[in-house]
Amino acid sequence: MSKKRIVITGLGVISSIGIGKYAFAENILKGISGIKPISTFDTTPFKAKLGAEISNFAPEVILGPKGLRTLDRSIKLVASAAKLALADAQLEITEANSRDTGIAIGTTFGSLASICDFDKEALTEGVRFVNPALFPNTVINSPASQVSIKFNIKGFNITVSTGFSASLDAINYALNALRNNRVKIALSGGVEEFCIQAFLGFYKSGCLSDSRGIVLGEGSGIIVLEELDSALARKAKIYAEVLGFGFAVQDLKKSMRLSLEEAGLAPEKIDYINSAANSSEEFNANEASAIAELFEKRVIAVSSIKPLVGELFSASGSLQVAAGISALESQVIPAKVFNNAQISKIENILINTAGRTGSNSSLIISKFKGY
Amino acid sequence: MDKRIVITGLGVVSSIGTGKDDFWKALIAGTSGISKISSFDTSGYPTHYGGEVKNFEPGNKNMGRASNLAIASAKLAVVDAGIKLDNLESQETGVVIGTTMGESQVLEKLNDAWVKNGTEAIDPQLIPLYPCNVLSLNVAQELKLAGPNFVIPNACAAGNYAIGYAYDLIRMGKARMMLAGGTDAFSRIAFIGFNRLLAVAPEKCQPFDKNRKGMLVAEGSGMVLIETLEAALKRGANIYAEILGYGLSCDAHHMTAPFNEGIKEAIEKALSESKIPADKVDYFSAHGTGTPANDRQECLAIKKVFGDYSKKLPVSSIKSMLGHTMGAASAIEAVACALSVKNDIIPPTINFQTADPECGIDCVPNVARSMKVDVVLNSASAFGGNNACLALKKFLP
């Protein structure tokens, strides 16, 4: 199979540390954290009180005031990120390219609050009194589908729910769709919203802690992916080339190794690892040892943006890719580096997404070097 | 990319039969799996019927019902493929699962407790059973699958999306063998929602009938085991059908209303990838939910794609028997399509009484039809305007 070259030509970010790629990149470099006391609900009954909520998110400013009334927060987050990404890529979706454009979104809890609210309204008010206009929000593919409806994306529309690795898995789905000629352009990334249901899920599972554990966040990152020829033909700004993806069930070393194989890169070519580390101790140790085994004695620069944006579950990978793009642009490693690795350049970045159990995915993005 | 992919194992758990043989017998006999809903109390609800799988004993109590349904159909598919269950670890086998509601029953229990007694009453033991990414992980854990592992919650077309992606992954060399399909447990939330959309029939699902009154919520799981033709021939496997290709599209039109243009696009992409002329299709397995809007839009799409041939093309909906098994539906229908190709019989649309001129298709009314079936299309549509169409062909050595 002749391998097609796929590049990233647009980026849209909605995060707790900034709306839009510039604000996000600037605050990543400054090390500004979006973690604050939770405001979405009363945390009095809980020991964990911090979260990375997006307090200044005004979807009507980005999307316009019309048609937002019945949409849930996840839809507004991902639709806003998509709009910014399309604008950033200077890409207009018209009748001519609509059917050649697809979208793949990673989310697992994106519709959770809507599902629970709908069910609870039926339980408290009676099934005959539930608002049917809110039912469409209860399907897990509603955020991605609403983006298609808003921006006329007809090529394909897919939602990927693989837990912590969902954003990268969605991006890989989009890469495969491009490689298999299913579309010419794809939007991809992830979304999760901050809600009490997700908080309770992690909290009651013993994962959340303000000092020694995970702090949840929310947000959405969307990238525009296209074949190199298409990007060159429309003189698009190329942020990065996507070189390789790897996946494994509960085996981060294997997912990293597979991503290197697909990229055709030796481990020493990786300049920086954007880690999945989220302060869950057992899991962080697991990633550290996988990195140590794969990269042997070499001291490699590793950092995590989760101290700044929180753990975004299925959306984490999408912001990690955004941080990776920012690192390629600025040549500065985002957030605090875990070790004192010295670097001279950032050309190849390995991004890890993983949870304590389940799917692990790795993606390699690289500075575009031309033909 | 010129690898040929074939279906060599079928697994199904449904309201009309578990295992491909019982399922097929019931299907061509035109058996209904619809009954009064028993998994929760429906008094106070506008309707009371659905397609529950009775007598299904979940094998693993530490997993939700949707996972258990998926594991059962996955095991059936593996055994049907003539592969030993303990022999998958070394096979680079992966699994892709489609779903609409995931482990909805788990969430409903959590919500019941929350509404009655507050957040204190939420059982932490139940929480890890809920997130829908556990569906494929649970199947992988039970069957020791180390390959690609993926959940596609693309609502009621999810099964076809799953099979399509699994097909791509093998063709790209990312796995040697894939289990792909869909699963959904009977969901109170879906039942409430479709009732509120006034889309649920009182007792019978009557696709393409002039007096059709809607869909019926159901549950089940369907799974296919797929591999390269080369691998299948090498191990002397029984080949049900070859996957020729598939097509995806998005209406980008409305969250719940189906739209003929998008359905047409997915069908045309499937035909084009398969390099099959439209008039060579022998059977069209319809999404056919039995709602006035779906059947009207789907038949319009069929007329647009097939032209005059649409009058001759047999189009049936097995949802007339099973109800709508949500994310499992198109996977179970893919199993039916593979059996149709293998046996040269087309399953009927039951409960058909009065032709609807707005549909104007041959829906194989009430009685299965024996005829040569070489090429089938399996069409599915979903909330969000997500359409997926799969093309299968009889394999002739």
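These exercises work through a predicted model with chains A and B.

**Exercise 1. The contact between the chains**

Task: find how many residues each chain gives to the contact, and which element gives the largest share of the side of chain A that touches chain B.

Solution.
- Start with the totals. Chain A supplies 51 residues and chain B supplies 52 residues.
- Next, list the elements on the side of chain A. Those giving two or more residues are α4 (112-125), α5 (142-151), β6 (156-160), α6 (166-179), α7 (196-204) and β9 (240-249) of chain A.
- Pick out the top contributor. α4(A) has the largest share, eight residues.
- Finish with the classes. This side of chain A has 23 nonpolar, 20 polar and eight charged residues.

**Exercise 2. Strand β9 of chain A**

Task: decide why β9(A) counts as largely enclosed, and which strands it pairs with.

Solution.
- Check burial. A residue is buried if 20 or more other C-beta atoms lie within 10 Å of its own. In β9(A), 10 of the 10 residues are buried, so the strand is largely enclosed by the rest of the structure.
- Take one partner. β1 (residues 6-15) of chain A pairs with β9(A) in the antiparallel sense, over three bridges. Here A:Val7 has A:Glu241 of β9(A) as its bridge partner.
- Take another. β13 (residues 359-366) of chain A also runs antiparallel to β9(A), joined by eight bridges. A:Phe247 stands opposite A:Ser361 of β13(A).
- Recall a general point. Side chains in a regular strand alternate between the two faces of the sheet.

**Exercise 3. A residue in helix α10**

Task: place A:Ala288 in its element, and state whether it is buried, exposed or partly exposed.

Solution.
- Locate the residue. A:Ala288 belongs to helix α10 (residues 281-295) of chain A.
- Count its surroundings. With 16 other C-beta atoms within 10 Å, A:Ala288 is partly exposed.
- Add a distance. A:Ala277 is 11 residues away along the chain, and the two C-alpha atoms are separated by 8.9 Å.

**Exercise 4. The largest nonpolar core**

Task: describe the largest nonpolar core, then follow the contacts of B:Ile226.

Solution.
- Size the core. The largest nonpolar core has 271 residues. Among those with the most contacts inside it are A:Ala85, B:Ala162 and B:Ile226.
- Find the main contributor. Helix α11 (residues 329-343) of chain B gives the most to this core, 10 residues.
- Relate the core to the domains. Domain 1 (6-233) and domain 2 (245-366) of chain A both give residues to this core, so it lies between them.
- Zoom in on one member. Beyond its neighbours within four places in sequence, B:Ile226 contacts residues including B:Ile5, B:Val6, B:Ile7, B:Tyr167 and B:Ile243.

How values were computed:
Residues are numbered from 1 along each chain as its sequence is written. Chains are lettered from A and ligands numbered from 1 in the order in which they are written. This is a predicted model: local features need pLDDT of at least 70, side-chain atom pairs count only at pLDDT 80 or more; totals for chains, interfaces and linings use all residues. Two residues are in contact if their C-beta atoms, placed from the backbone, lie within 7 Å. Helices (H or I, at least four residues) and strands (E, at least two) are DSSP runs, numbered from the N terminus. Ala, Val, Leu, Ile, Met, Phe, Trp, Tyr, Cys and Pro count as nonpolar, Asp, Glu, Lys and Arg as charged, and the others, Gly among them, as polar. A residue is buried if 20 or more other C-beta atoms lie within 10 Å of its own, exposed if 12 or fewer, and partly exposed in between; C-beta atoms are placed from the backbone. Two strands pair if DSSP finds at least two bridges between them. A nonpolar core is a set of buried Ala, Val, Leu, Ile, Met, Phe, Trp, Tyr and Cys residues joined through C-beta atoms within 7 Å. Domain bounds come from an automatic or database domain assignment.
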